[in-house]
Amino acid sequence: MSNRSSGTLLGHPKGLFLLFSTELWERFSYYAMRAILVLYLTDKTMDGGLGWSTQSALELYGIYTGLVYITPLIGGWIADNFLGQRRSIIIGGILMALGQFTLALPHSMIDPYSINAFYLGLALLIIGNGLFKPNISTMVGDLYTDGDNRRDGAFTIFYMGINLGSLLAGLIAGSASAIYGWKAGFLTAGIGMIISLITQLIFAERLLGNIGKEPAAKRAAAMNKSGKQEPLTRQERDRLKVIMIMGMFVVIFWAGFEQAGGLMNIFSQQYTDRMIGSFEVPAAWFQSLNPFFVITLAPVIAAIWVKLGPKEPSSPAKFAMGLFFLALGFVCMMGAVMQQGGDLTVKTSMFWLVGAYFFHTLGELCLSPIGLSMVTKLAPLRLASLMMGAWFGFNAIANYVAGIIGANVGEAGPMAIFSGIAIAATVAGVLLLLCSNQLIRWMHGAEGRVIEDEEAVESVVAKA
């Protein structure tokens, strides 16, 4: 299924960089809209907003982001069984572009139906995202044959595109909204989606070949002797168990990591000395550290994985590294709290925060792109996009848990929260290392490593 005829770039199929660009502009579209949604909802109507209360706006935002994580399950199933990944991406992209342009319609054009148009725009974005999100990631995996040690590096490069889109979105959409009004921000998001679609339509045939054209279930059935879908084999069930177990560790990681937008954001605003000479660094700028570190570190990490070759760590080992880096980041935050010495009026050095974001990003690069890569290695062909959708579902659970953790800071205090997350991440990392051999057995050589099942070995010896 891999398309090698298009050649390589930087040691990877050129198709990777097409998918990189497609995802970059789609993520630009998503994050541009997300950056201004709550601000638009809560702004005064005389200033072009909808005049909602903060509570109502955040409730809607929570529902929207929750549906954004759930719909890839449905979109993945539709792609696997009916549309194929390429058609799903195009249809999803068109729906998302329509959604953004619906949100961008001036109130004067759609009154008295402006609220109806707003909900229609959100619905189109949610449905389109469900079709787009799981399938673009699955196609990255299809560029590589089983056992190709470039795959993890490829997903790390792909992940850089996601963060570059996020970084550009806040700057461009935020500036457009500030100068021309909220509707201009939604318009830039729609333009970003159009660029993503055009990029895919122009180059896909040449750089991707047949990848993603045929529904995975149809391809899988054609590979069976019967020509029909058959029950999952023991090997496939084992590999699905690995995805589910690793998903639980993903929840632990993201529940801690997502404190960046909540608890750590508050800490940077209220308790951090942000003065450089006479200039005060805006607290919001610290949110840009993560995408900045991803963009600068991702090529280095990708090169390291490729350089290691056969010595490259397994996915469970990389996940454990990610959890340990997360713990180190929160050790930095513990250092910041200790610098206060119990006096909340003391401002701490901003270098604690920079260190925390640095280690958290290293952890993210050891876990998030590796997880996407792992799903493409382990998921049965006919369930490839569905399982990618399920993988994003673990992020939804993590975001919910992160909110619960952050809400308890008032009772427990920041030191208890930061140290608790550091300890939980360390324990989870150790536990993952302890069970890594069993997980590798259940992978059945998907990563090029084979640890013989002890029962099978004993059975062979007994027969001999």
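Helices (H or I, at least four residues) and strands (E, at least two) are DSSP runs, numbered from the N terminus. The model is predicted: local features need pLDDT of at least 70, side-chain atom pairs count only at pLDDT 80 or more, and totals for chains, interfaces and linings use all residues. Residues are numbered from 1 along each chain as its sequence is written, and side-chain values use heavy atoms, with hydrogens and water left out.

**Exercise 1. Confidence**

Task: State the average pLDDT of the protein, and describe the stretches 1–5 and 454–464.

Solution.
- Step 1. pLDDT is the predictor's confidence in each residue, from 0 to 100.
- Step 2. The average over the protein is 88, and 94% of the residues score at least 70.
- Step 3. In residues 1–5 the pLDDT falls below 50, and this stretch has 16 contacts in the model beyond near neighbours in sequence. A contact means heavy atoms within 4.5 Å.
- Step 4. Residues 454–464 also have a pLDDT below 50, with 2 contacts beyond near neighbours in sequence.
- Step 5. Where pLDDT is low, the predicted coordinates should not be read in detail.

**Exercise 2. Helix 12 and its end**

Task: Compare the span of helix 12 with the expected span, and describe the residue just after this helix.

Solution.
- Step 1. Helix 12 covers residues 315–340, which is 26 residues.
- Step 2. The expected span of a helix is 1.5 Å times one less than its number of residues.
- Step 3. From first C-alpha to last, helix 12 reaches 38 Å, close to the expected 38 Å.
- Step 4. Just after helix 12, glycine 341 has a positive phi of about 60 degrees.

**Exercise 3. Positive phi outside glycine**

Task: Locate leucine 10 and histidine 444, and decide whether each is buried, partly exposed or exposed.

Solution.
- Step 1. Buried means under 20% relative accessible area, exposed over 50%, and partly exposed in between (1.4 Å probe, protein chains only).
- Step 2. Leucine 10 is not a glycine, yet its phi is positive, at about 55 degrees. Leucine 10 sits in the loop between strand 1 (8–9) and strand 2 (12–13).
- Step 3. Leucine 10 counts as exposed because its relative accessibility is 74%.
- Step 4. Histidine 444, also a residue other than glycine, has a positive phi near 55 degrees. The loop that holds histidine 444 runs between helix 17 (436–443) and helix 18 (454–463).
- Step 5. Histidine 444 has a relative accessible area of 30%, so histidine 444 is partly exposed.

**Exercise 4. Two helix residues and one loop residue**

Task: Give the location and the contacts of isoleucine 89, serine 137 and asparagine 408.

Solution.
- Step 1. Isoleucine 89 belongs to helix 3, and counts as buried because its relative accessibility is 1%.
- Step 2. Apart from residues up to four places away in sequence, isoleucine 89 touches Leu131, Phe132, Asn135, Ile136, Met139 and Gln200. Glutamine 200 is 111 residues from isoleucine 89 in sequence, and their C-alpha atoms are 8.9 Å apart.
- Step 3. Serine 137 belongs to helix 5, and with 2% relative accessibility serine 137 counts as buried. Leaving out residues up to four places away in sequence, serine 137 touches Phe155, Phe158, Leu372, Thr376, Met388 and Phe392.
- Step 4. Asparagine 408 lies in the loop between helix 14 (384–407) and helix 15 (409–412). Its relative accessible area is 34%, so asparagine 408 is partly exposed.
- Step 5. Beyond its neighbours within four places in sequence, asparagine 408 contacts Gly413 and Ile417.

**Exercise 5. Empty space**

Task: Describe the lining of the largest cavity and of the second largest pocket.

Solution.
- Step 1. On a 1 Å grid over the protein atoms alone, a cavity is a set of points where a 1.4 Å probe fits but cannot get out; a pocket is an open set with protein on both sides within 12 Å along at least five of seven lines; lining residues have an atom within 4 Å of a point. Grid points are joined across faces, edges and corners, and a volume is the space filled by probe spheres set on the points.
- Step 2. There is 1 cavity of 30 Å³ or more. The largest cavity has a volume of about 40 Å³, and its lining consists of Glu26, Ser29, Tyr30, Tyr64, Met96, Gln100, Leu125 and Asn129.
- Step 3. Helix 1 (14–42), helix 3 (85–103) and helix 5 each give two or more residues to this lining. The largest share, 3 residues, comes from helix 1.
- Step 4. The second largest pocket holds about 760 Å³ of space. Its lining has 30 residues, and Asp146, Met223, Ala379, Pro380 and Leu381 lie nearest its centre.
- Step 5. At least two lining residues of this pocket come from each of helix 5 (114–142), helix 8 (216–223), helix 9 (234–257) and helix 13 (350–378).
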